[in-house]
Amino acid sequence: MSETTNTNKKKKPPLNGRRALPPNNSNDEENEVPEMEAFGLLPRGFNSKDYLHVVDIYMFKDPHEINKQQHHTDKYYSPKLIVRRGQPFQMQIDFNQPYKPETDQFWLEYLIGRYPQQNKGTYIPILVGDELKPGEWGAKIIHKENNSVRLSIMSSATCIVGKFRLYVAVWTPFGILRTQRNSTTDTYILFNPWCQQDAVYLDDEKEREEYVLNDVGVVFHGNINDIKSRSWSYGQFEENILDACLFLMDKAQLELSGRGNPIKICRVASAVINSRDDDGVVAGSWDNTYTYGVAPAAWTGSVDILLEYYSSKQPVRYGQCWVFAGVFNTFLRCLGIPARLITNYSSAHDNNANLRLDFFLDDEGKVDTKLTKDSVWNYHCWNEAWMTRPDLPVGFGGWQVVDGTPQETSDGMYRCGPASVQAIKHGHVCFQFDAPFVYAEVNSDVIYSRRDKNGTQVIEKIDTTHIGQLIVTKEVGGDGMMEITEEYKFQEGSEEERLALETAVMYGVKKQTTQDSVYQPQTDVDMDFQVQKAVLGSDFKVTITFRNKSHNYYTATTYLSGNIVFYTGVAKNEFKKHSFSAKLEPSSSRSFDVAIKSSEYLSDLLDQASFHFFVTARISETGKILAMQKATVLEMPTLRIKTQGEMVANEEMSLTVEFTNPLKQTLENVTLRLEGPGVLTTMKKEFSQIPMNSTLIWEVKCIPKRPGLRKLIASLNCDALRHVYGELNVQIQKP
């Protein structure tokens, strides 16, 4: 019998000898708040209507009203009040009778989570006073008329970021009367880069508009010799995205009391953005098979991914580095933390963090794929978030690296950051979190070595400039590229750079010495090679140039190995092998062309159409080896987006997406995607076949919601062709 009665009662949390209350780590759960909190026995005839009580609360929460305008939250597609912390907002309370301060007393209560406590910042009583102190909770009356009072309310500049429930409490001689639970008065409180006391304060208005309020960005990809760009829709203001981002913190089980701290939020978010070890948002896949999911290249923005995760609670398939970074950027900007997406060209993925990438050559001078474990990514994307770092010495605030791509574990989970960019530049890698890993990504040396017959390791070449050659982000206020390499490292070869390296080594970055191996660099012959730019499906050539600086005749036995690679630098297969003997005259240069035919590579091509060429040459007379590697990316065809007629907010407009198949084959099972924040939610269309050289036209009708300059982004995806994009800026007129 007792069992049945127990199950009817509300399940009590299990007892825990360590804490009086269970962890309060869900923004979604609520506690019940009594509407009448009696001080003792109520006298007969007590009627709450005889006392001051609340008839209505008006929150000024429409986009055109004062709160959302002043707090820069008018773009959020949400009917609720959204304000930023440390800045006053207004509300009007209508009572049943005029409010008399000498006899009546009322206050506001903001609650968050299931177990609100005042000392944890999850229960906030706000008394009405005479003045507001900057950056501290408080309220004052700014207008009284008939039965209404208008309040200005200040929130703390360090308060929890999330969704709060509001109650108005009135004191009577017999008890406290409260308003009923009313979800329409829920208030979202976000980070405030406009407020000087906020940890994420950013002092430049143009930068705030870009890094907090811009809902479209640019991802730079390709490789160092052939930089490509594509747009990405962050969509941080779209419907339900704010709730989805708050859910991510619940999913990561971040204690509510820690949610005012951007350092903690970034750290847990970098783990929950990827699905490794916590069923996070995006499942990574780098193996070119994307069954039961969307190919990483097909996504055009973060909104679909976040909404799918929010509704299914299951990892969304599939992502690669720019997808993790795009979703992370949406999360950060949505909560009000300034953020930008970064691309590092020739990024080191160093398996044992020793600041060197080892490429082992066999006797002929070819790379030994069995021994070589490290890889150079053509590019790698991560994010930077802007915040103070009170946990570090002065000077390490500002931009912090955070990375949601699962590469290595940190404190037992796949996450990375926040690591101070300033600390990485100066080699102060002792400061948390994960600075040594990021330092290696931008600073490692590439070392080519081979085992000699007698077992000694001979280093044939050390390349100190290959890694982290270029680090970029989108420029403020435009779609162009801004180089930020100097933020991460001093000029190659400068005194400061040496010093930063010595500092990093002193703080425990492993730098293996080359004492145990012989290194005699080759000085009298230089070798370089160039890969011709080419469009997907065409032939191209690789030109290898030797410069013999000596007075001797030399013969160079040369190998070229062409590999189809993932953008992570991991080879799929070798599609081209070519060797020849080069006769080198004294004090002269000579070039040799190697032709690459489309038939040699098309059948095996991967997503990003990336090739990696290794050229090694052995000088017969001296036995010295020259080695060099370069990546190259093919030019992809593009989609054309066109609009017809007038484009006016809240009126139907039509547009077309066009594509011509450039390949010498029919494309099958083709998916097109189109999206544009404020213009249309993502649309998809499947085409079973596109014959060679034929053009497809997709017509779309939509009703744009917001006037202003907006961007449309389209992608095409099929097994034979990925990373095909198109975009168009459109000016939507006011109705």
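Contact means that heavy atoms lie within 4.5 Å. The exercises below concern a predicted model, in which local features need pLDDT of at least 70, side-chain atom pairs count only at pLDDT 80 or more, and totals for chains, interfaces and linings use all residues. Residues are numbered from 1 along each chain as its sequence is written, and side-chain values use heavy atoms, with hydrogens and water left out.

**Exercise 1. The chain as a whole**

Task: State how many helices and strands the chain has, and what share of its residues count as buried.

Solution. Helices (H or I, at least four residues) and strands (E, at least two) are DSSP runs, numbered from the N terminus. On this basis the chain has 12 helices and 41 strands. Buried means under 20% relative accessible area (1.4 Å probe, protein chains only); of the 735 residues, 55% count as buried. The C-alpha trace spans about 115 × 60 × 60 Å along its principal axes. Among contacts between residues at least 6 apart in sequence, 68% join residues at least 24 apart.

**Exercise 2. Helix 5 and helix 7**

Task: Describe how helix 5 and helix 7 cross, and which residues meet.

Solution. Two packed helices are described by the angle and the distance between their axes. Axes are lines fitted to C-alpha atoms, for helices over the stretch in contact, and angles run from 0 to 180 degrees between N-to-C directions. The axes of helix 5 (residues 262–272) and helix 7 (residues 321–335) come within 11 Å and cross at roughly 150°. Helix 5 is therefore roughly antiparallel to helix 7, a term for angles over 145 degrees. The residues that meet are Ile265, Cys266, Ala269 and Ser270 in helix 5 and Phe328, Phe331, Leu332 and Leu335 in helix 7. By class, this contact has 7 nonpolar, 1 polar and no charged residues. Here Ala, Val, Leu, Ile, Met, Phe, Trp, Tyr, Cys and Pro count as nonpolar, Asp, Glu, Lys and Arg as charged, and the others, Gly among them, as polar.

**Exercise 3. The surroundings of helix 6**

Task: Identify the buried residues of helix 6 and what covers them.

Solution. In helix 6 (residues 303–312), the buried residues are Val303, Asp304, Ile305, Leu306 and Tyr309. Their cover includes helix 4 (241–251), strand 14 (282–284), strand 15 (316–319), helix 7, strand 37 (667–676) and strand 38 (680–690). Helix 4 meets helix 6 through residues that include Phe247 and Leu248 on the helix 4 side, and Leu306 and Tyr309 on the helix 6 side. By class, the contact of helix 4 with helix 6 has 10 nonpolar, no polar and 2 charged residues. Just after helix 6, Lys313 takes a positive phi of about 60°.

**Exercise 4. Two residues in strands**

Task: Set out the side-chain polar contacts of Lys228 and Thr543.

Solution. A polar contact is a pair of N or O atoms within 3.5 Å; within protein, one must be able to donate a hydrogen and the other to accept it, and residues adjacent in sequence count only if both atoms are side-chain atoms. Lys228 lies in strand 13 (residues 226–233) and is buried, with a relative accessible area of 13%. A polar contact of 3.1 Å joins its side chain to that of Asp226. Lys228 and Met636 are 408 residues apart in sequence, yet 9.9 Å apart in space, C-alpha to C-alpha.

Thr543 belongs to strand 29 (residues 540–548). The side chains of Thr543 and Asp593 form a polar contact of 2.9 Å. Not counting residues up to four places away in sequence, Thr543 touches Asp528, Phe529, Gln530, Ser591, Phe592 and Asp593.

Note on methods:
Parallel < 35°, antiparallel > 145°, perpendicular 65-115°, else oblique. Buried < 20%, exposed > 50% of the residue type's maximum accessible area, 1.4 Å probe, protein only.
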